[in-house]
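Hi everyone, thanks for making room for me today. I'd like to walk you through one structure, piece by piece, so have the picture ready and stop me if you get lost.

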Amino acid sequence: MSSEKVIRLKVKRKDQMDSESYWEEFAIPYRPNMNVISALMEIQRNPINAEGTQVRSVAWEYNCLEEVCGACSMRINGKVRQACSTLVEKLEQPIQLEPMETFPVERDLVVDRQRMFDALQKIKGWIPIDGTYAMGSGPLISSGEQQEAYKFSTCMTCGCCLDACPNVNSGSPFIGPQALAQTKYFNMHPTGKLTKNERLEVVIGDEGISNCGNSQNCVEVCPKDIPLTTALAELNHEANRYALWSWLKK
Amino acid sequence: MQSNSLTADPQPVSNNIRKRFVLSRLHSLAGIVPLGIFMVEHLLTNSTALFGSEKYNEQIHLIQSIPFLPLLEIFLVAIPLIFHAGYGIYLSMISKSNIQTYKYERNRLFFFQRVTGITTLVFIIYHVWSFRLAPVFYGTEINFDLVNSHLENVFIFSFYVIGVVGAVFHFTNGIRTGLITWGVTKGPASQRIAQKICLLFFAVFGVLGVASLFAFI
C-alpha cells in the first residue's frame, strides 16, 4: 500500500466569506486518467490532510463534468481553467488549487459569479420577442452568420476571462469580456438588433469597453475558444460610431 | 425590472456616465495624432545631427523660426501630453498586472506599455527642462554644443538611450492598440500583421533615435 503512487495537492482554503485564507496540503492515491475534479472527490471521500489530520472536506462547485456548464473554474497551478477538463497527469505537482479571487470567495474554491449574471441583465442579454400582439416570424439568418453566432452562444459564464483580465478588479468598474462578447452576440441577431442601441449605451458607459486595455488574456484563457478580442474590436468600432452619431444628433 | 419591450430609441445615459469612454478615446487620439506625429518629427529633426553639427543647427534655427511657436508647443504638445500622461497614470493604477502567471506576448506588451509610459514621462520632464525650459530661463542658446555638453556625461547618455527606446516602444505599441481601440484591426490575423508592422516601426525609429544620440558625442 505504501509504495502506491500519490498525488500531492495544495489547496487555498477559506472557512467563511469573512475569514482569512490558508493553504492546506493533501496526498491522495493515484488512479489513471484522473482529472482535478476526481482528485477533489477523493478528498471529499477521505478528508485527511497531508499531516494525517481529519479536516473539513474541500468545497468546490461542479456540474456537467464535460466543460459546458462553467461551474468548476478555478486557478490550477496559477492559471484559471476548468477543473473537469484538466488532467492530473499533465500537471506539475504539488497541484495548486486556488479560487478565482476576482470574484467574492464564499468558501474554499467556491466563488460567487453573480456579477456576470448581473452584467447579462445590464446588456439586455436576450432577444425581445414578447409584445402585445404577434410580431410574426423573424428574418432568416444566413448560415455564415449562424456559424459566427454559434461560437458566442457557447459562452458558459465560467468567469475565466474576467479572472485573467488585468483590468477586471475591485479598483475598476469594468464589466468584463464575457458581457461585452454577449453584447456582440445579441446585437448580431436580426431581432436582437432592434435593441442594439440600448446595449451600446452600456458599452460606451462607465463599465463598458473603455476599460479594455488590450492585454488579450481573455481570448487566451477562454476554455470555449470564443473570439472575445474580435468581438471587443468590433464593439470598439460600433461604440465609437454610435457615441459620435448620438452626440451629433443631440 | 428591466423592460422587455422594443423601444425605438434608448434612453440616453447622462453624459457623465460616458465620461470614461470619451476620456479613453481622447487619450488614444492624443497619443497618436499630436504626440505621435510630433515625436516622429522630433526624431527626424534630431537625426540631422548624423549629418554634422552645422546641418543640425540649421534645422533647429528653421524650427525656431516657425511663427507662434510657443502657442503651437503649448496647444499641440504640452496640453495633449499632460492629459495623455495624467489619464495614462490613472489607467495603469487601476490595472493589476499578472504577467507572472499569464506570460502571453500581448499581456507582456500590455505591461510594458504601462512601464514605458512612466519611464517616458520621467524622461520627458527631464528632457523638456534641459533643452526647452532651462535655456529660456537662463538664456542659453539651443544648439549642437548644448546637446553635446549634456550627452557627454555617460549617465545622462544612458538615461537618454533608455528614455528614447522606451518612448519609441510606447508610441509604436500604442499604434497597435490604437488600431484596436478605433476598431480598424478586428480579427487576430490583421492584428498580427499590424503588430509586425509596428515592430518594424519600433526598430526603425529606435535605431534612428539611438544613432542620433551617438551623433551628438
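Let's jump straight in with two helices of chain A. α6(A) and α8(A) are roughly perpendicular to each other, because the angle between them is about 100° and anything from 65 to 115 degrees counts that way. Before I go on, one thing to keep in mind: this is a predicted model.

So, where are those helices? α6 covers residues 196-203 of chain A and α8 covers residues 228-248, and their axes sit 10 Å apart. Which residues of α6(A) meet α8(A)? On the α6(A) side you'll find N197(A), L200(A) and V203(A). Facing them from α8(A) are L235(A), E238(A), A239(A) and Y242(A). If you sort that contact by residue type, you get 5 nonpolar, 1 polar and 1 charged.

Okay, zoom out to chain A as a whole. Its secondary structure adds up to 8 helices and 7 strands. Of its 250 residues, 42% are buried. The C-alpha trace spans about 75 × 40 × 35 Å along its principal axes. And if you take the contacts with a separation of 6 or more, 63% of them link residues 24 or more positions apart in the chain.

Next, the domains. Chain A splits into domain 1, residues 6-111, and domain 2, residues 114-248. How far apart are their C-alpha centres? That comes out at 31 Å. Where the domains touch, domain 1 gives 12 residues and domain 2 gives 13. On the domain 1 side, β4(A) supplies the largest share, with 3 residues. That side divides into 5 nonpolar, 5 polar and 2 charged residues.

β4(A) is a good way into the sheet, so let's go there. Five strands of chain A make an open sheet with mixed pairing, and the order is β2-β1-β5-β3-β4. Why does one side of β2 and of β4 lack a neighbour in the sheet? Both strands stand at the edges with a single partner strand each, so one side of each is left free of a neighbour there. From one strand to the next, the twist averages 30°.

Now look at the β4 end. β3 (residues 73-76) and β4 (residues 79-82) of chain A pair in the antiparallel sense over 4 bridges. One of the bridge pairs is S73(A) with Q82(A). Together these strands form a hairpin with 2 residues between them, and N77(A) in the turn has a positive phi of about 50°. β3(A) also runs antiparallel to β5(A), residues 95-98, joined by 2 bridges. There, I76(A) has L97(A) as its bridge partner. Just as a reminder, strands of a sheet pair through backbone hydrogen bonds, either parallel or antiparallel.

There's a helix on this sheet, too. α1(A), residues 36-45, lies across β1, β2 and β3 of chain A, and runs at about 95° to β2(A).

Last stop: chain B. How many residues does each chain put into the contact between them? Chain A brings 38 residues and chain B brings 33. On chain B's side, the elements giving two or more residues are α1 (15-47), α4 (105-138) and α6 (154-181) of chain B. The largest share there, 6 residues, comes from α1(B). By type, chain B's side holds 13 nonpolar, 14 polar and 6 charged residues.

That's my tour, so over to you for questions.

Technical notes
Residues numbered from 1 in each chain as written. Chains lettered and ligands numbered in written order. Predicted model: local features only at pLDDT ≥ 70, side-chain atom pairs only at ≥ 80, totals over all residues. Buried ≥ 20, exposed ≤ 12 C-beta atoms within 10 Å, placed from the backbone. Contact = placed C-beta atoms within 7 Å. Nonpolar A, V, L, I, M, F, W, Y, C, P; charged D, E, K, R; others polar. Axes fitted to C-alpha atoms, helices over the stretch in contact; angles between N-to-C directions. Parallel < 35°, antiparallel > 145°, perpendicular 65-115°, else oblique. Pairing = 2+ DSSP bridges. Domains from an automatic or database assignment.
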